[in-house]
Amino acid sequence: MEKLSIDLNVLEEILVNFLNEEAGKVGFKKVVLGLSGGIDSALVAFLAAKAFKPENVLGIMMPYKTSSKESIEHAKLVIEKIGIRSKIVEITPMVDAYITMNPDMSSLRKGNKMARERMSILFDHSAAESALVLGTSNKTELLLGYGTQFGDAASAINAIGDLYKTHVWALSRHMGVPNEIIDKKPSADLWEGQTDEQELGYSYKMADEILYKYVEERKNIDEIVKDGYSQEVVKKIIKRTKIMQYKRVMPIIAKVFSRGIGTGFKYPRDWEV
């Protein structure tokens, strides 16, 4: 889709500067992120290595026993190419300990547990490293709520959260992310054989085009359908985007006094200290 095109040199510069500035404002010089072997975390690692220098970036691989061997192999391709520090933390023991206590857990619940376990590990390492946790969720995932609240959707700062998946693919190729990662089917690798698009029921390309029209161009369902899209798919995507709003906001706090936490009060990085 032509309207989704963007100057990749400018985009790279914007995101690298964003990471530097936002981390610097709150006094951090190092970052940590989860490396899944997928394209989103790979791109964030490439951006982070450029923003902070490789020695200040820690990529953590957190496989579960059913994770694809390819995921670790692809994560290592990223590590080798950009020279960041790395660590493997096997999450099977801690996840299985909980599953044993809850043998009736669905695949969804197990996947959410894995995602939150991984984020818990990242934030623990952020404390040990005096580093910020980088988010790896893109705009398509955030709009569709395709992520685990306080799991992979959590972070301190996120450089790619306003990039549609289309942009992630394009910028990844531009920055030299290995083709093996770019060309494979997107997967959260929460269980064997799982793919994002199979679970969603439509392609990222279609989702990006519809979401761009709905969010950026402010078109309604009828206008989008007239552009040649299935009414059923358009309604499904927009309904999901609305329902998943709760995942995209901080916990809603009841307002009692004149300056509530959030928009009513200054952020620490904006204080004059």
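The following is a conversation about a predicted model, covering its sheet, two annotated sites and one pair of helices.

Biologist: What makes β3 and β5 the edges of the sheet?

Modeller: The sheet is open, with 5 strands in the order β3-β2-β1-β4-β5 and parallel pairing. β3 (85-88) and β5 (157-158) each have a single partner strand, so one side of each is left without a neighbour in the sheet.

Biologist: How do you know that β4 and β5 pair?

Modeller: Two strands count as paired if at least two bridges are found between them. Strand β4 (residues 132-135) is joined to β5 by 2 bridges, and the two run parallel. Gly 135 has Asn 158 in β5 as its bridge partner.

Biologist: What makes β1 and β4 a pair?

Modeller: The requirement is at least two bridges. β1 and β4 have 2 bridges, in the parallel sense, so they qualify as a pair. Val 32 stands opposite Val 133 in β4.

Biologist: Which way do the residues of β4 point, and are they buried or exposed?

Modeller: Leu 132 and Leu 134 point one way, Val 133 and Gly 135 point the other way, and all are buried. In a regular strand, side chains alternate between the two faces of the sheet.

Biologist: What is the direction of helix α2 relative to β1?

Modeller: Helix α2 (residues 39-52) runs at about 165° to β1 (31-34), and lies across β1, β2 (57-61) and β4. Angles over 145 degrees count as roughly antiparallel, so α2 is roughly antiparallel to β1. Helix α3 (residues 69-82) also packs on the sheet, where it touches β2 and β3. The direction of α3 makes about 170° with that of β2, so by the same cut-off these two are roughly antiparallel.

Biologist: Why say that Asp 40 and Glu 141 gather at one spot?

Modeller: An unreviewed UniProt entry annotates Asp 40 and Glu 141 as "binding site". They span 102 residues in sequence, yet no two of their C-alpha atoms are more than 10.5 Å apart, so they gather at one spot. Asp 40 lies in helix α2, and Glu 141 in helix α6 (residues 139-144). Beyond its sequence neighbours within four places, Asp 40 is in contact with residues including Glu 141, Thr 136 and Lys 165. Leaving out residues up to four places away, Glu 141 touches Asp 40, Thr 136, Tyr 146, Lys 165, Asp 196 and Tyr 204.

Biologist: Why is Asp 40 called buried?

Modeller: The cut-off for buried is under 20% relative accessible area. Asp 40 has 9%, so the term applies to Asp 40. Glu 141 is buried too, with a relative accessible area of 9%.

Biologist: Why does Arg 116 count as partly exposed?

Modeller: Its relative accessibility is 38%. Buried means under 20% and exposed over 50%, so a value in between is partly exposed. Arg 116 lies in helix α5 (residues 107-129) and is also covered by a "binding site" annotation in the unreviewed UniProt entry. Apart from neighbours within four places in sequence, Arg 116 is in contact with Thr 148, Gln 149, Phe 150 and Gly 151.

Biologist: Why are α1 and α7 called roughly perpendicular?

Modeller: The axes of helix α1 (residues 8-25) and helix α7 (residues 165-175) come within 10 Å and cross at roughly 90°. The range for roughly perpendicular is 65 to 115 degrees, and α1 and α7 are therefore roughly perpendicular to each other.

Biologist: Which residues make that contact?

Modeller: Leu 8, Asn 9, Leu 11, Glu 12 and Leu 15 in α1 meet Ala 170, Leu 171, His 174 and Met 175 in α7. These residues divide into 6 nonpolar, 2 polar and 1 charged.

Methods
Residues are numbered from 1 along each chain as its sequence is written. This is a predicted model: local features need pLDDT of at least 70, side-chain atom pairs count only at pLDDT 80 or more; totals for chains, interfaces and linings use all residues. Side-chain values use heavy atoms; hydrogens and water are left out. Helices (H or I, at least four residues) and strands (E, at least two) are DSSP runs, numbered from the N terminus. Contact means heavy atoms within 4.5 Å. Axes are lines fitted to C-alpha atoms, for helices over the stretch in contact, and angles run from 0 to 180 degrees between N-to-C directions. UniProt positions are given in the numbering used here, feature names are shortened, and annotations may be inferred rather than shown by experiment. Buried means under 20% relative accessible area, exposed over 50%, partly exposed in between (1.4 Å probe, protein chains only). Angles under 35 degrees count as roughly parallel, over 145 as roughly antiparallel, 65 to 115 as roughly perpendicular and the rest as oblique. Ala, Val, Leu, Ile, Met, Phe, Trp, Tyr, Cys and Pro count as nonpolar, Asp, Glu, Lys and Arg as charged, and the others, Gly among them, as polar.
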